[in-house]
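The following questions and answers examine one protein model. Please consult the sequence and the structure as shown here.

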Amino acid sequence: MSTKENLMETIVELVNKHFNMTITLGEDNIPNVTKASLKTEGSATEFLNEMIQAVDQTLGIDGKLNYYFDNELDFDTPEEFHRY
């Protein structure tokens, strides 16, 4: 399985694990989520942490994931990181 396929599979698994959804078939046979709610109180936090970990492990790309004091994430490529 390619890296892209592996990442897509991981994303789908995480979405199904953490969200209750109502889904219809949209344009071009692409699923359209019409309603979503968290499965548990901690699902949003767990989803985000598991997604960050999955992307980091699956893609194996260079760069650094940072956070700022205003609670936002940022990803810097090696070129951006060495500017500071």
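Q: Which elements each supply at least two residues of the nonpolar patch?
A: This is a predicted model, in which local features need pLDDT of at least 70, side-chain atom pairs count only at pLDDT 80 or more, and totals for chains, interfaces and linings use all residues. Residues are numbered from 1 along each chain as its sequence is written, and side-chain values use heavy atoms, with hydrogens and water left out. Helices (H or I, at least four residues) and strands (E, at least two) are DSSP runs numbered from the N terminus. The elements that each contribute at least two patch residues are α2 (43-59), β3 (64-67) and β4 (73-76).

Q: What accessible area do the residues of the nonpolar patch have together?
A: A patch of this kind joins nonpolar side chains (Val, Leu, Ile, Met, Phe, Trp, Tyr) within 5 Å, from residues with over 30% relative accessible area and no salt bridge (a side-chain nitrogen of Lys or Arg within 4 Å of a carboxyl oxygen of Asp or Glu). Areas come from the Shrake-Rupley method with a 1.4 Å probe, and for residues only the protein chains shown count as cover. Ile52, Leu59, Ile61, Leu65, Tyr67, Leu73 and Phe75 form the patch on the surface, and their joint accessible area is about 670 Å².

Q: What is the relative accessible area of Leu59?
A: Leu59 is found in helix α2. Buried means under 20% relative accessible area, exposed over 50%, and partly exposed in between (1.4 Å probe, protein chains only). Leu59 is partly exposed, at 32%.

Q: Which residue in β4 stands opposite Lys64?
A: Strands pair if DSSP finds at least two bridges between them; β3 and β4 run antiparallel and are joined by four bridges. They form a hairpin with five residues between them, and Asn71 in the turn has a positive phi of about 60 degrees. Opposite Lys64 stands Asp76.

Q: In what order do the elements of the protein run from the N terminus on, and what is the radius of gyration?
A: The protein has three helices and four strands, in the order α-β-β-α-β-β-α. The globule rule (2.2 Å times the number of residues to the power 0.38, with the radius taken over C-alpha atoms) gives 12 Å for 84 residues, so the protein is more spread out than a compact globule, with a radius of gyration of 16 Å.

Q: How far apart in space are Gly42 and His18, C-alpha to C-alpha?
A: Gly42 lies in the loop between β2 (31-38) and α2, and is partly exposed, with a relative accessible area of 26%. Gly42 and His18 are 24 residues apart in sequence, and their C-alpha to C-alpha distance is 8.8 Å.

Key: Patches are made of residues with over 30% relative accessible area and no salt bridge: like charges are joined within 9 Å, nonpolar side chains (Val, Leu, Ile, Met, Phe, Trp, Tyr) within 5 Å.
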